[in-house]
Amino acid sequence: MPKPTVVIAGAGLAGATTAEQLRERGFGGRILLLGAEANAPYIRPPLSKEYLTGQAERSAAFVHPEGWYRDNDVEFLPESVAGSFDGAAHELFLAGGARITFDNLVLATGASARKLTVPGAGHGAVFTLRTIEDSDWLRAALAVGGRRVAVIGSGWIGLEVAAAARGYGNDVTVLGSSAVPLSKAIGAELGSVFEKLHRDNGVEFFNRASVVAIDGDDDGPRVVVTRDGDRIPADIVVVGVGATPNTAVGERSGLSVENGILVDAAMRTAVEDVLAVGDVTNPYLPAIERHLRNEHWANAIAGGTVAARAIVGEHASYDEIPYFYSDQYDLGMEYSGYAPLAADAEVVYRGDVDAREFVAFWLRGDRVVAGMNVNVWDVNDQVQRLIRSGAPVDRARLADPGVDLGDLVTG
Ligand SMILES: Cc1cc2nc3c(=O)[nH]c(=O)nc-3n(C[C@H](O)[C@H](O)[C@H](O)COP(=O)(O)OP(=O)(O)OC[C@H]3O[C@@H](n4cnc5c(N)ncnc54)[C@H](O)[C@@H]3O)c2cc1C
């Protein structure tokens, strides 16, 4: 009997984790890992942090050491682009015309950086940041120092790039569409903590800004122009305005797509034997009884692990609490929880917000639905336990650093 074949389309963290977890769980069949890029799978968080700042080697970004794929009998096929599939025939069609038969197909095609469409967005030295090559180029440009850097977008990636750019001694201006940076992710109150961090480090902000053009030429940008008529001189422009899920393979093949490919809690699509993982998905989370798209590193690992479990016939359910982290200057933070439930929720602080050493908790009623520790370490597990328990908490005790968070979990 021929061995079963799992084809994984997309060789990022989610695809690589699926392959790794299949082997960990004793899958003895064939594994093909197809990647559109020339590189072996790598992780992206360092691309706006320690690799971009020059504190880490490029090689540290790769998911597995060289040789891992061969040693684990995973056939990694770089520069192989999946086009569509036929679920009934169990066939995947590659962009070049080749077809591959599968027993299970895992779509792990990730997301792409959203581009600006304003005039001038295609000039030289206007960067987006998604691939390791994007980070190579940006790092080389920023490392020169003494240049005027305009960052368009005041989300996580925009702010991390701003911090890296300041680290190389560049002048940095951040232009964001919201009134306060990061307000979509963590609310205006906490976003302002990050804005102050950046202002304290010499970054200038244009909030509620709408960029309408980038003046310049092939050699680079000169001025970023806003709808209000502001003209911000710039030698380098970095666009960090979000990412769009790469759903084309799913869409061409008839999968349901709503803000990502819809998958159940076992990462299964509506087509039998076809699963999807990572940034491209909008998975169902049983804990909150709804779908939640979550473009984060931990979600790629969790989804890849759940999909591998489902394929080998283990109990498979996405039960992880969404988690991500950020590093900017001397500030490190971790966030755990359900962002949609945290929107407009009450925030309770423990610690010193002005000193940027605190834990913020988002409460719906008396229950913690999200938590963020800022320059406070070794509490994330307890924060997650608190969220998972759903236990009602006393606000005064939650805010009191003298009370062990573990005691709140048990009531
Ligand atoms: C600069 C940056 C910083 C980040 N920082 C953080 C952070 O601090 N914390 C955090 O939690 N998350 C962070 N993230 C998000 C995190 O990196 C993503 O959630 C994660 O990469 C998702 O992994 P993935 O495998 O689903 O997708 P991807 O990493 O996007 O990988 C998908 C791969 O599939 C390939 N592909 C696409 N289409 C096809 C096709 N048709 N056929 C074959 N291959 C295809 C793509 O080329 C890509 O290589 C960051 C992201 C970026 C860009």
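**Helix H1 and its surroundings**

Me: What span should helix H1 (residues 13–24) have at 1.5 Å a residue, and what do its end C-alpha atoms give?
Reply: Bear in mind that this is a predicted model. H1 has 12 residues, and the expected span is 1.5 Å times one less than that number. The end C-alpha atoms agree with the expectation, so both the expected and the modelled span come to 16 Å.

Me: How many residues of H1 are buried, and which are they?
Reply: To count as buried, a residue needs 20 or more other C-beta atoms within 10 Å of its own. In H1 the list takes in Leu13, Ala14, Gly15, Ala16, Thr17, Thr18, Ala19, Glu20 and Leu22. H1 is therefore largely enclosed by the rest of the structure, and the count of buried residues is nine of the 12.

Me: What covers the buried residues of H1?
Reply: Strands do part of the job, including E1 (5–9), E2 (30–34), E3 (74–77) and E7 (104–107). The cover also includes a helix, H7 (297–312).

Me: At roughly what angle do the axes of H1 and H7 cross?
Reply: From H1, Leu13, Ala14, Thr17, Thr18, Gln21 and Leu22 meet residues of H7, among them Trp297, Ile301, Gly304 and Ala308. The crossing is right-handed. The two axes come within 8 Å, and the angle is roughly 40 degrees.

Me: Which residue just after H1 takes a positive phi?
Reply: Phi there is about 85 degrees, and the residue is Gly26.
Two residues other than glycine also have positive phi: Leu182, near 65 degrees, and Asp273, near 70 degrees. Still, the one just after H1 is Gly26.

Me: Is Leu182 buried or exposed?
Reply: Leu182 sits in the loop between strand E11 (171–175) and helix H5 (183–200). The cut-off for burial is 20 or more other C-beta atoms within 10 Å. Leu182 has 22 of them, so it is buried.

Me: How does Asp273 come out, buried, exposed or partly exposed?
Reply: Asp273 is in the loop between strand E18 (261–263) and strand E19 (274–276). Partly exposed falls between the cut-offs of 20 or more for buried and 12 or fewer for exposed. With 15 other C-beta atoms within 10 Å, Asp273 is therefore partly exposed.

Me: Which helix gives the most to the largest nonpolar core?
Reply: That core has 64 residues, and Val149, Ala150 and Val151 are among those with the most contacts inside it. The helix giving the most, with eight residues, is H4 (residues 156–167).

Technical notes:
Residues are numbered from 1 along each chain as its sequence is written. This is a predicted model: local features need pLDDT of at least 70, side-chain atom pairs count only at pLDDT 80 or more; totals for chains, interfaces and linings use all residues. Helices (H or I, at least four residues) and strands (E, at least two) are DSSP runs, numbered from the N terminus. Two residues are in contact if their C-beta atoms, placed from the backbone, lie within 7 Å. A nonpolar core is a set of buried Ala, Val, Leu, Ile, Met, Phe, Trp, Tyr and Cys residues joined through C-beta atoms within 7 Å. Axes are lines fitted to C-alpha atoms, for helices over the stretch in contact, and angles run from 0 to 180 degrees between N-to-C directions. A crossing is left-handed if the near helix is turned anticlockwise from the far one by less than a right angle, and right-handed if clockwise.
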